[in-house]
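Visitor: Hello! I am new to this structure and would love a close look at one part of it. Could you take me through the cysteines?

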Amino acid sequence: MESRYRRRVPWWSLLALVAVALVLPSAGVGTPIVMGFDQDLVRPTQPAAPVDCAAGNVVCLTGDSKSRLTVTRSDVIYDGRGFSSVGITVNASNVVVQNFNFTNCAGNCIWMRGTGNVAQDNRISQVYFAGDDIDGLRFFGNDTKILRNQFFDIRKGPEHDAHVDCMQTWASPSTGGGSSGALIAGNVCRGRDLHQCIMVEGPGSSDGGGGGPGVTRDWVIEANYFQCYANQTVALRDAHGFVIRYNTFAGAGNKAIQQTDGTSGIVIQNNVLGPGYRRLTGD
């Protein structure tokens, strides 16, 4: 199965992998690497259009934020305008978080719960242990979009017993259970300390993040650049109906994609698998 996927990789994806491999060693931490693609057209995307900071549904930063932002209002855009922030917590729906430089965050830099939330064009780094876990971004709810973000240098300070991931969701009763319709596209996730780039736990997860109602299903994970060095890069636990395509797995590990705890219906197409992996997928 692994060789079948390698033969089907389009020539332009192989060139992209070579180009990125040449750029990464000389690039500084946080150097932008844009590899975004539209969901169905699979073509390069552009960053989000500029917003009108005077509009009633837009909040723009005017300087660095030294305290964590909290959002409880739905249908609003938070634009960091390139300024730094120590994190944001979203408990609302249809909220867009964009253009932030998140760094020096406690536990996570972006925490989102709601329907239709979007995190795009952000830089995320330097998360320190705060008694829970260490993640770049955590999200819960349906129809979440995570687009063109850069995750790098995630862990700051001692790891303790944390599980370091770029992106994570789980489906316990307290978080509302399973989530559907997520789109994760065009992101860069890289680091030596990562346990996974994406960790997905549905209600049936046996790893401590299950027990809630609903189903985790119908996601698209595409055109991302993943570079972590762990047992697996993407962990799917009780996940269903996912499409995983056009991603570059440039790190190393036992497998690129883990499928366990009843995961089913996963379509894996046209990914670039680096030589550091033993296989593309497994339990």
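To begin with, is C53 buried, partly exposed or exposed?

Guide: Happy to help, and please keep in mind that this is a predicted model. C53 is partly exposed, with a relative accessible area of 38%. C53 is joined by a disulfide to C60, with 2.1 Å from S to S. A disulfide is a covalent bond between the sulfur atoms of two cysteines. The link of C53 and C60 is left-handed, with -85° about the S-S bond. The other end of this link sits differently in terms of exposure: C60 has a relative accessible area of 16%, so C60 counts as buried, the limit being under 20%. C60 also belongs to a separate, second core of five residues, which includes V58, I77 and V118 as well.

While you are in this part of the chain, look at P50, which lies in the loop between α2 (11–23) and β1 (58–60). P50 is exposed, and its relative accessible area is 81%. Its C-alpha atom is separated by 9.9 Å from that of N99, although the two positions lie 49 residues apart along the chain.

Now let us follow the chain to the next cysteines. The count of disulfides comes to three, and one of them is formed by C105 and C109, whose sulfur atoms are 2.2 Å apart. Here the link is right-handed, with 100° about the S-S bond. Both C105 and C109 are buried.

Another disulfide is formed by C166 and C189, with their sulfur atoms 2.1 Å apart. The link of C166 and C189 is right-handed too, with 90° about the S-S bond. This pair links distant parts of the chain: C166 is in strand β17 (residues 164–169) and C189 is in strand β19, 23 residues apart. C166 is buried at a relative accessible area of 0%, and C189 is buried with a value of 0% as well. Counting the bonded cysteines along the chain, the disulfides follow the pattern 1-2, 3-4, 5-6.

Two further cysteines deserve a look. C197 is in no disulfide, and the nearest cysteine sulfur, that of C189, is 3.2 Å away. Since a disulfide needs the two sulfur atoms within 2.5 Å, this distance is over the limit. C197 is buried, with a relative accessible area of 0%. C228 is likewise in no disulfide; its nearest cysteine sulfur is that of C197, 3.5 Å away. C228 counts as buried, at 0% relative accessibility.

To place C189 in its setting, turn to its strand. Strand β19 (residues 188–191) runs parallel to strand β15 (residues 150–152), and three bridges join them. Across this pairing, F152 stands opposite R190 in β19. Both strands are part of an open sheet of eight strands with parallel pairing, in the order β4-β7-β11-β15-β19-β23-β27-β30. At the edges stand β4 (84–85) and β30 (272–273), each with a single partner strand, so one side of each has no neighbour in the sheet.

Finally, a word on the nonpolar interior. The largest nonpolar core has 53 residues, and those with the most contacts inside it are I88, F102, I154, L236 and I257. Leaving aside residues up to four places away in sequence, L236 touches several residues, among them V200, F242, I244 and I257.

Notes. Residues are numbered from 1 along each chain as its sequence is written. This is a predicted model: local features need pLDDT of at least 70, side-chain atom pairs count only at pLDDT 80 or more; totals for chains, interfaces and linings use all residues. Side-chain values use heavy atoms; hydrogens and water are left out. Two strands pair if DSSP finds at least two bridges between them. Helices (H or I, at least four residues) and strands (E, at least two) are DSSP runs, numbered from the N terminus. Buried means under 20% relative accessible area, exposed over 50%, partly exposed in between (1.4 Å probe, protein chains only). A nonpolar core is a set of buried Ala, Val, Leu, Ile, Met, Phe, Trp, Tyr and Cys residues joined through side-chain atoms within 4.5 Å. Contact means heavy atoms within 4.5 Å.
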